[in-house]
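Trainee: Got a minute to go through the helix packing in this one with me?
Mentor: Sure, pull it up.

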Amino acid sequence: MQHYTKPVKEFVEEHTTGVAVVLVTGVGLLVLRRWLAGGVCRSKARLDGKTVLITGANTGIGKETAVDMAKRGARVILACRDMDRANRAADEVRTRSGNGNVIVKMLDLASLQSVRALAKDVEQTEERLDILINNAGIMMCPQWKTEDGFEMQFGVNHLGHFLLTNLLLDLLKKSAPSRVVSVSSLAHDTGKIHFDDINLEKNYDPLISYRQSKLANVLFTRELALRLKGTGVTTYTLHPGVINTELGRHFFPSLPLWKRLLFMPLFFFVKTPWQGAQTTIYCAVSESLQDSSGLYYSDCAVKEAAPQGRDDAAARRLWDLSASMVGLA
């Protein structure tokens with residue numbers, strides 16, 4: 001060890017400025033990464049005797065949310081499309097949380113029949129539903145259609161959750177105080193609801209479609225809050241942050257090689273699934289939010305949604321259109 005001490009000391013003395021710059025830069029990057037990680041839910045609320053349903057809970061922030069809910073003592077339902085992966089995720093949630101009351105149910109949000117089947121199953125088998133977390137989503141996929149002929153991102157991210165929530169409202173009201181949490185995105189800031197071409201058949205663009213679906217989440221939460229006023233059911237929507245999950249599986253591979261190389265260093269700064277789940281958890285359990293409804297959150301704090309996300313007329317119009325599309329009276 002002594003053989004290396006002298007050369008290292010001499011190197012540092014000869015390159016003091018360079019070493020200082022490297023150290024300061026390194027510390028700065030670590031501080032920046034921690035800041036970008038966002039807030040952490042500090043609530044110690046217990047959920048013993050309560051039931052939580054989470055869509056898309058077999059991976060990413062959905063799975064991390066499920067682990068947290070289970071640790072708090074809740075009965076957790078993982079509503080997923082891929083049952084093999086869902087069962088493996090359920091085993092992991094049980095192991096990490098120490099809570100065996102974790103079950104799996106089939107849900108394909110690209111099929112209204114599947115949504116209705118899940119809602120019927122839950123109503124028949126569950127005595128209560130205290131927290132519904134609309135977490136599942138798809139991002140920037142090709143121009144695909146759902147089983148019912150809807151544009152895939154709007155169909156999965158909005159219409160499927162719109163129908164599921166409405167079908168479970170009676171159980172949520174029965175279990176009040178209860179909550180509906182919908183995962184949106186900062187992408188809603190530049191979103192627009194294309195009422196004259198809701199399926200974007202005239203000029204499909206994956207990013208425009210994704211933005212529309214995320215704005216729909218915000219408007220749905222806002223209108224739902226108004227319709228549920230006085231029922232004891234409160235609603236929340238949120239931006240989880242930029243997270244390293246499977247959600248971007250259609251986005252990253254589609255980029256040219258030079259763009260992928262440019263993006264790679266940025267992965268150092270994205271959130272982990274655990275960090276990305278914190279605002280969802282905050283909206284689901286924080287006692288400070290029990291009298292709030294219809295608002296938008298980011299980094300475990302309320303934030304102002306984009307102007308188009310606060311348009312009550314657009315929210316009502318979207319509700320009526322969505323109800324018509326899914327066959328809801």
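Mentor: Before we start: axes here are lines fitted to C-alpha atoms, for helices over the stretch in contact, and angles run from 0 to 180 degrees between N-to-C directions. Also, this is a predicted model.
Trainee: OK, at what angle do α5 and α6 pack?
Mentor: About 25°, and their axes are 9 Å apart. Angles under 35 degrees count as roughly parallel, so α5 and α6 are roughly parallel to each other.
Trainee: And which hand is the crossing of α5 and α6, left or right?
Mentor: Right-handed.
Trainee: Which residues make that contact?
Mentor: From α5 you have Leu112, Val115, Arg116, Leu118, Ala119 and Glu123, and α6 brings Gly160, Leu163, Leu164 and Leu167. By type, that contact has seven nonpolar residues, one polar and two charged.
Trainee: Switching partners: how do the axes of α6 and α12 cross?
Mentor: At roughly 85°, and the two axes come within 10 Å. That makes α6 roughly perpendicular to α12.
Trainee: Who's touching whom there?
Mentor: Phe154, His158, Leu159, Phe162, Leu163 and Asn166 of α6 meet Leu318, Trp319, Ser322, Ala323, Met325 and Val326 of α12. Nine of the contact residues are nonpolar, three are polar and none is charged.
Trainee: New topic: how many residues are in the largest nonpolar core?
Mentor: It has 47 residues, and Leu132 and Leu164 have the most contacts inside it. Elements giving two or more residues to this core include α5, α6 and α12.
Trainee: What does Leu132 touch?
Mentor: Leaving out residues up to four places away in sequence, its contacts include Leu53, Leu164, Leu168 and Arg179.

Note on methods
Residues numbered from 1 in each chain as written. Predicted model: local features only at pLDDT ≥ 70, side-chain atom pairs only at ≥ 80, totals over all residues. Heavy atoms only, no water. Helix = DSSP H or I, 4+ residues; strand = E, 2+ residues; numbered from the N terminus. Parallel < 35°, antiparallel > 145°, perpendicular 65-115°, else oblique. Contact = heavy atoms within 4.5 Å. Nonpolar A, V, L, I, M, F, W, Y, C, P; charged D, E, K, R; others polar. Core = buried A, V, L, I, M, F, W, Y, C linked by side-chain atoms within 4.5 Å. Buried < 20%, exposed > 50% of the residue type's maximum accessible area, 1.4 Å probe, protein only. Left-handed = near helix turned anticlockwise from the far one by under 90°.
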